Amino acid sequence: MGVDDVPLDDKAKRMRDLLSSFYSPDPTSPSRTPNNNTTSSRFATLDTINTTTFDADQYMNLLVQKSNLEGLLQRHVDMAAEIKNLDTDLQMLVYENYNKFVSATDAIKRMKNNIVSMETNMEQLLEKIMSVQSRSDGVNTSLFEKREHIEKLHRTRNLLRKVQFIYDLPARLAKCIKSEAYADAVKYYIGAMPIFKIYGDSSFQDCKRASEEAVATIIKALQGKVFSDSESIQARAEAVMLLKQLDFPVNNLKVQLFEKLEQFLVDLHLESKEIRSSDLGGIPVSTSSSAHEASIREFAEAVRAYRVIFPDSEQQLFRLAKDLAAKRFEATKQQIKKQLSSADLVAMLRVIWTDVLLMDEVLPEAGIRDFTFEAAHDAIKQYVAGRFSHLLLDISGTLVKVHDNQKGIIEEECPLQAALETSKKALVQGSMDALLDTRRLLDENLEVLSTLTDLIIEWVREGFQDFFRKLNDQFLVLSGKKYSANQDLTFGEGMQGDKVLPDLVLLLAQLSVFIEQNAITRITEEISSFSRGGTRGFENSPAFIPAEICRIFRSAGEELLQHYISLKTQKILIVLKKRFTTPNWVRHKEPREVHMFVDLLLQELDTILNEVKQILPEGLHPKHRRTDSNGSTNSSRSNPLRDDRLVRSNTQKARSQLLESHLAKLFKQKMEIFTKVEHTQESVITMIIKLFLKSLQEFVRLQTFNRSGFQQIQLDIHFLKTSLKDTAEDEAAVDFLLDEVIVAAAERCLDPIPLEPAILDRLTQAKLAKNSE
């Protein structure tokens, strides 16, 4: 079994261990005990050759046990090479150390030679120093007495000056009081205080008393200066500083001065209101702005002085500075509620930002800039939201004008077409104006606005989304489909139940269609171009979702149109109900003319037609005409009634005809009566006619008729068929429903003998002639 080559790192480790043992300061190794030998022999390995407890015999035995002859020879070769390498390394170490020893010896020799020459120079220097010292001592001895005398005279002179200053102090203070040089007076008095403390009760008692009286006068004058409204803030602050130097308790003065600052802040707030009113009154803005800037600079300097005088009042000043910005933004928000223009808003923000920069120079630790950014965030968000709120009010006002006109509150005429165009213009132009005002905010080079660019764009998108949702809710409230507890009192009347105006509902339906098909597309394009300036793209923000808005107004348009049809149908149903519940149909008299309720129905249809012509476009589909060849449009019920057999007077034969009509029901094709309503004139009119005819059929089924009653119904329906011929879009369905009414009357008739066609035509022509007259 061969021995593997020893890795390079193991070889390097053994060399380090050998060199360490060679240069070890304690070459002795621990004594080996029998227990140690037993333990090492038990766990001995080939790596123990590099340890201090190496046992050659044990190593050889282990090597012989683990290696074959070829492995032993290879181990011998490797070990011989290692020994040579170690010998070479040891020789190199010895050579290197020998060179170092030689270099050290040469350095010591050079140092010894230099030190020998230096000792001679040091001895010469010492002799010269001793000579200079002896001469200096001689000069000091000869001049000592004169120096002592001069110093004594100098001290006496200084003392006399101080004494003279003390005696002259009352006169000096009086002069300072007269000239109002209170700072100099305080300086003089403070300079004399150490002497007064020591000799004030003995030698200089009179001077101290006179000086204290003068200082009391100064203190009163300074207090009067602090509380004087005619003095500037800086002068009062200087007076407080002087009082502080005189050890006067200034806590009360601190409170009073802070109240002055608060009052100054109130005056600034009032001044800003006057500036806004002067701008509206035509006074030049530059003049008012310059005056305001001077005032805010004076306030900033007063705050700076107050901070120097009272260093422990920083928190109060921080609150005061933030209060300044808060009041400014509160005033701005109040103006925003009054529909402030974007130009005026930018002007107000510019003034506020100038004030903030001035205050930030004085109180940089107050964080007023961050506070201003937060307040501006809220104010501009309120402005954007208010812009859409005012837009919603404008559109609602236009719709209310239509409502009031129809209710008779406003006398002037306001056609539905004009009202629709006005509402469209208010919606589109108002939206464009809102985007234009917001763009002006973004175009301004103002730091407080630049930091909010992305947020402003986001608020505009959210504003449009919320605006259209609220507009949809407003439409539903105006139409009576939804009741809002917070709706304006203007909408309080005529918004519930039968008081809802159908023509307003029709206008809202068509306006919803316009919003879905035109307004949303244009506004989306404008918002897309408007949003390119922000860091977020239009598609990255889900705030404004045109597809959702289109879906909402598409649904609203359909719902409102159906509601309009329902309101008009309900009004017709009132006429029908009164018509069929008032008379006794069993005892009805022979018909002599078309009943007046038919006139009421036709008048209501004319009103509906007039309304839809103003609002809705004409349809593109041709009318469905009734033909005799089309089995799907011919009513098998009506054919027996049109036959010549109607002239028969035999009741039994007439009833047999009804039996035939019932049998024909089973074999005729089914007709689709109620289809989807489209936003066209013909579709709406046709649907209303179908609904009231279907209701007429139901009213007929609830009554029991005699022959005259049945003939009256036949005459009325015949006249309606003539009048509605060119009104409905689906003429076939209308004819079918008219025939159904006659059949239903025949079914409920005790003696269903119809009128002759000649009599029907004569009575119909008489009614037409009467109407034309």
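Both Asp716 and Arg579 are buried. Their side chains meet in a salt bridge, with 3.9 Å from N to O. Asp716 belongs to helix α22 (residues 707-723) and Arg579 to helix α17, so this pair ties together parts that are 137 residues apart in sequence. The model is predicted.

**Salt bridges**

Side chains of opposite charge can pair when their charged atoms come close. The structure holds 21 salt bridges, and three of these pairs are listed here with their N to O distances.

| Acidic residue | Basic residue | N to O distance |
|---|---|---|
| Asp355 | Arg328 | 2.2 Å |
| Glu516 | Arg554 | 3.0 Å |
| Asp716 | Arg579 | 3.9 Å |

The side chains of Asp355 and Arg328 form a salt bridge at 2.2 Å, N to O. This pair links distant parts of the chain, with Asp355 in helix α11 and Arg328 in helix α10 (residues 314-337), 27 residues apart. Asp355 has a relative accessibility of 3%, and because the limit for buried is under 20%, it counts as buried. Arg328 is likewise buried, at a relative accessible area of 6%.

Glu516 and Arg554 also form a salt bridge, their closest N and O atoms being 3.0 Å apart. Glu516 lies in helix α16 (residues 502-530) and Arg554 in helix α17 (residues 546-581), so the pair ties together parts 38 residues apart in sequence. The partners fall into separate exposure classes: Glu516, at 17% relative accessibility, counts as buried, whereas Arg554 is partly exposed, with a relative accessible area of 37%.

Salt bridges with shared partners join Lys568, Lys571, Glu604 and Glu611 into one network.

**Aromatic contacts**

The count of aromatic pairs comes to twelve. For Trp353 and Phe373, the ring centres are 5.4 Å apart and the planes stand at 35°, so the pair is tilted. This pair links distant parts of the chain: Trp353 is in helix α11 (residues 342-362) and Phe373 in helix α12 (residues 368-407), 20 residues apart. Trp353 is buried, with a relative accessible area of 6%. Helix α11 thus carries both Trp353 of this ring pair and Asp355 of the salt bridge to Arg328.

One aromatic cluster is formed by Phe388, Phe464, Phe467, Phe468, Phe475 and Phe553.

A ring also takes part in a contact with a charge: the charged end of Arg172 sits over the ring of Tyr188, 5.5 Å from the ring centre.

Definitions and conventions. Residues are numbered from 1 along each chain as its sequence is written. This is a predicted model: local features need pLDDT of at least 70, side-chain atom pairs count only at pLDDT 80 or more; totals for chains, interfaces and linings use all residues. Side-chain values use heavy atoms; hydrogens and water are left out. Rings of Phe, Tyr and Trp (its six-membered ring) pair if their centres lie within 6.5 Å; planes under 30 degrees apart count as stacked, over 60 as edge-to-face and the rest as tilted. Helices (H or I, at least four residues) and strands (E, at least two) are DSSP runs, numbered from the N terminus. Buried means under 20% relative accessible area, exposed over 50%, partly exposed in between (1.4 Å probe, protein chains only). A charge sits over a ring if NZ of Lys or CZ of Arg is within 6 Å of the ring centre and within 35 degrees of the ring normal. A salt bridge is a side-chain nitrogen of Lys or Arg within 4 Å of a carboxyl oxygen of Asp or Glu.
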